[in-house]
Amino acid sequence: MTLADRLAGVGEILIAISGSPLPTHVFQSLAEQAPTVIPCDYLAVCLPDADDAGYLLHPLVDPSAEGTSPVGCAAGEGLPGRAMASSRPIVIEDLAVGVDGAGALEAGWVAAGLRSALVVPLRRSGDLPGALVFAARATSAYDGDDVRIGTLLAGGIAATLGASRAYQALADERSTLAAVVGSMQDAVLVVSADGIILMANPAVHAMLGLHPDALTGQLLADVMPEGALRAVLEAGTPGVSELPLPDGRTAQAGVVPVSTPYGETVGVAAILRDVTHFKELEQMKNTFVHTVSHDLKNPIAGIVLTTEMMQRAGPGNPRYGEHCQMILRVARGMSELVGDLLDLGRIESGMDAAREPVDLVALVQEVEAALTPQAEAKRIALSVTLPPRATVTASPGRMRQVLANLAGNAVKYTPDGGRVDIALTAEIDQVRVTVTDSGIGIPAAALPYVFDKFYRVKSAATREIEGTGLGLAITKSIVEAHGGRIWVESQEGQGSTFGFSLPSGG
């Protein structure tokens, strides 16, 4: 084969190994085609050992019984080590004759019947990632042309392996980015300057109802319905805004420009965060402030007005005592409201009393005794059904508060001559308490809101009944803080049943 033919063969090899950045493809192409341009009975690639300071020799063509198993060598060891250290090709005419630097590696080659060798370092911009080893059974098998051809091959292989490392690094970065973006709860959309959706993470489906695979590579105008989000993406103006979602939720959209490290514009990225809960909390806070302000403003105005009247009239006014009682009653109502608010805050924040085994039977009996005078004054029949024992792990004071709230409301909202029944049932895994009255009942439209803070049913029957609107909210918070459930069943004009259940134990 002429030198021109061999050089043409080198070109074909370089084209073949450039077809894929995977090292396995490079090595396979080299093993299949390199012997056609450089005669060899043995061919190996030496590459740095990532776990050691030495290198690994990977046989591609090997007549020995070891096949293609990689061999570990210390840095500078053997002919490959010398070639890598000196950055110069090494030609050995006869391996059987004493060779400077030869060791166990070369002894193995001789044992396999190899006599001559050509070792060419892999050079790439000053980097020395390894070496190519050619060996033949014949002595003096390699000359200057072989060195030149081997050097060409080594340069091409070095460049390809460098591209392979860059490709692997890019693939790792892409995989890491995909894992991070894919695990985000926020929806991420990247749109190119010409309106093509370049990326959409899985959270897009949960937030927008659009499948990421159906979006990627498509025109924004073709796959996303008209609306605020599409307008923001099409405008591409950086900033943060709140957008309505298709299902009524609210998202905060942050739009940022995306460009390459060289300043080339890629497009824009939108990061969507569901802020519905925060909007609801904001609304709850506003409602809370408004309600508390309203509930405290009127009593304070009453106290101020009554005090001014007392000052003008003096202590000789026959209604002086009545005015003092009014001030006292209003102040107690304000104190009750503030106390309820503090109670609710402690319960909802988890800063509550310690828990212990509590027998609800004894607590129900205490509440019954406390309510009996009030029930008798209204001629209300108060009955209690109790098991021998019903133990839960709870705060005794909070359980007493729950029972007093529910039973007290039943007596309060039941007209004279009615009936209130308290029933306690101890089951295998839970304890149930129901309080049933024959009172005024609750309209169906009001039932979903009876446990809300400050909610009170407004009707002619409740106009004269005092309350802060926090009792049932506190009761619900206590029950749920103890791992229980609370409910209500009622029909307007036919009474109500409030019940709750707690895990048994203790």
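Me: Let's start with a definition: buried means under 20% relative accessible area, exposed means over 50%, and partly exposed is in between (1.4 Å probe, protein chains only). Which class does Arg-273 count as at 43% relative accessibility?

Reply: Happy to help, with a word on the model before the answer. This is a predicted model, in which local features need pLDDT of at least 70 and side-chain atom pairs count only at pLDDT 80 or more, while totals for chains, interfaces and linings use all residues. Residues are numbered from 1 along each chain as its sequence is written, and side-chain values use heavy atoms, with hydrogens and water left out. Because 43% lies between the 20% and 50% cut-offs, Arg-273 counts as partly exposed.

Me: Which residue does the side chain of Arg-273 meet in a salt bridge?

Reply: A salt bridge here is a side-chain nitrogen of Lys or Arg within 4 Å of a carboxyl oxygen of Asp or Glu. The N to O distance is 2.8 Å for Arg-273 and its partner, Asp-186. Arg-273 is in strand E11 (residues 265-274) and the partner is in the loop between H5 and strand E7 (187-192), so the pair ties together parts 87 residues apart in sequence. With a relative accessible area of 12%, the partner is buried, and its name is Asp-186.

Me: How many residues apart are Arg-6 and Asp-146?

Reply: Their side chains also meet in a salt bridge, at 2.2 Å from N to O. Arg-6 sits in helix H1 (residues 3-17) and Asp-146 in helix H5, so this pair links distant parts of the chain, where helices (H or I, at least four residues) and strands (E, at least two) are DSSP runs numbered from the N terminus. Arg-6 and Asp-146 are both buried. Along the chain, the separation is 140 residues.

Me: What about Glu-480: with which residue does it form a salt bridge?

Reply: The closest N and O atoms of this pair are 2.9 Å apart. Both residues belong to helix H14 (residues 471-481), and because they are 4 residues apart, about one helical turn separates them. Glu-480 is partly exposed at 43%, and the partner, also partly exposed at 27%, is Lys-476.

Me: How many disulfides does a search of the whole structure find?

Reply: A disulfide is a pair of cysteine sulfur atoms within 2.5 Å. The sulfur of Cys-73 has its closest cysteine sulfur in Cys-46, 6.8 Å away, which is too far for a bond. Cys-46 is buried at 0% relative accessibility, and Cys-73 is buried at 6%. The number of disulfides found in the whole structure is 0.

Me: Do E15 and strand E16 pair in the parallel or the antiparallel sense?

Reply: Two strands pair if DSSP finds at least two bridges between them. E15 (residues 419-426) also pairs with strand E13 (residues 381-385) in the parallel sense over 5 bridges, with Val-420 as the bridge partner of Leu-382. E15 and E16 form a hairpin with 3 residues between them, and Leu-424 has Val-433 in E16 as its bridge partner. Over 7 bridges, the sense of the E15 and E16 pairing is antiparallel.

Me: What distance separates the C-alpha atoms of Ala-159 and Leu-122?

Reply: Ala-159 is found in helix H5 (residues 144-182), and its relative accessible area of 41% makes it partly exposed. Leu-122 is 37 residues from Ala-159 along the chain, and their C-alpha atoms are separated by 8.9 Å.
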